[in-house]
Structure formats: C-alpha cells, structure tokens
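Please look through the structure shown below before reading on. The report that follows takes up one strand and its partners, and then turns to a patch of charge on the surface.

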Amino acid sequence: MVLCDFEQKGRGKVSRREEYEQTTEKLLEPIVTGYGFELVDVEYVKEAGTWYLRAYIDKPGGITVDDCETVSRRFSDILDEKDYIEDSYIFEVSSPGLGRPLKKEKDFKRSLGEEVEIRTYRPIEHQKEFTGILKDYDKDTVTITCEDDTEQTFNRSEIALIRLALDF
C-alpha cells in the first residue's frame, strides 16, 4: 500500500486509497446534499483487476436509477476537472442496499434499536456471527441485546462487519 503525505487528524499518514475516498467525499457531499440526498459512503476498490470509485447515496423512500444518474453526471465533470486519481477507474453511483454496513457515527446513531448482524474476525465462544438489537456504541465498542435478553459487547477491532439484519 502506498502512503501519501496526506494527514488525517490523530492518525498520521493515510493510504492513497483513503486519500481518494476522503477527497471524493469532500467534493461530492455538497452535490448530494444539494439534491436532498445523503452521502452514505465512498469506496475506492480494485475488483478483478479494475479500480472502482463508488459513491453510495440514499434518501427517505429510497434512491432511483435517475437519482444515481443525476449525481453521476454532475460529479463526473468535477472528477475530470480535478483529476486527483492517478489510476484509471470506473465511477459508479449506487443505492447502499438493504444490507449496508454500519461504518460512520451517523450509521450507528440511525440504527440504535434496530436488529444488526455482526461478523467477527475470530470466533468468540466458538462462533463468528451474532445477531441482536443495537443497544449502544462508542469509538471502541458495540453492544447488542441478544434474543435471550443478555447483552454482548464487542471491541470494534474484533468486528469484520456490522450491518442491519436482513429479515425475509
């Protein structure tokens, strides 16, 4: 991973990928909020040898294909003008989907009292997948209330993925 001289509060240097994501978020946020949408997440990932810059947007009632196209067209001009990403890549705008991960403070706040799924990196008491109601969180921990009314607290460093539970 290549490190850049880009500084992040309290964390030192960030990777090129993180720099691209942060720059994109900063430039895209006013456009998305201008349309009355929420910028849920930005990711810069390599899949099958191709780099993708993805923006996930949402609004009450859900995002349409036309909403995604509107944001994509508007931001594509800015991407061309600023030209801050060295690699060739594909830019996509999408809905975050039902099973979106909780990553930011606003995601956790919005999901308090909701059922979540947690996957851990390593087994805890012989299991790696947990489901419960999101009861509390802070910068280091996440607490859920399990089906049997017991509480379980996880260190964030143990959590590979946390997302809203999908009930079908």
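## An enclosed strand

In this predicted model, strand 8, which spans residues 141–145, is largely enclosed by the rest of the structure, because five of its five residues are buried. Burial here stands for a relative accessible area under 20%.

In a regular strand the side chains alternate between the two faces of the sheet. Strand 8 is covered on both faces, with Thr141, Thr143 and Thr145 buried on one side, and Val142 and Ile144 buried on the other.

## The partners of strand 8

Strand 7, made up of residues 127–137, pairs with strand 8 in the antiparallel sense, and four bridges link the two. Within this pairing, Thr145 of strand 8 stands opposite Ile133, and the connection from strand 7 to strand 8 is a hairpin of three residues.

Strand 8 also runs antiparallel to strand 9, residues 151–155, to which it is joined by five bridges. Here Ile144 has Gln152 of strand 9 as its bridge partner. A hairpin with five residues between the strands connects strand 8 and strand 9, and in its turn Asp149 has a positive phi of about 65°.

## A negative patch on the surface

Elsewhere in the model, Asp77, Asp80, Glu81 and Asp83 form a negative patch on the surface. One of these residues, Asp80, lies in helix 2, which covers residues 65–82. Asp80 has a relative accessible area of 61% and is therefore classed as exposed, since that term applies to values over 50%.

Methods
Residues numbered from 1 in each chain as written. Predicted model: local features only at pLDDT ≥ 70, side-chain atom pairs only at ≥ 80, totals over all residues. Heavy atoms only, no water. Patch = residues over 30% accessible without salt bridge, like charges linked within 9 Å, V, L, I, M, F, W, Y side chains within 5 Å. Areas by Shrake-Rupley, 256 points an atom, 1.4 Å probe, with all protein chains shown as cover. Salt bridge = Lys/Arg side-chain N within 4 Å of Asp/Glu carboxyl O. Lys, Arg positive; Asp, Glu negative; His and termini not counted. Charge placed at Lys NZ, Arg CZ, Asp CG, Glu CD. Buried < 20%, exposed > 50% of the residue type's maximum accessible area, 1.4 Å probe, protein only. Pairing = 2+ DSSP bridges.
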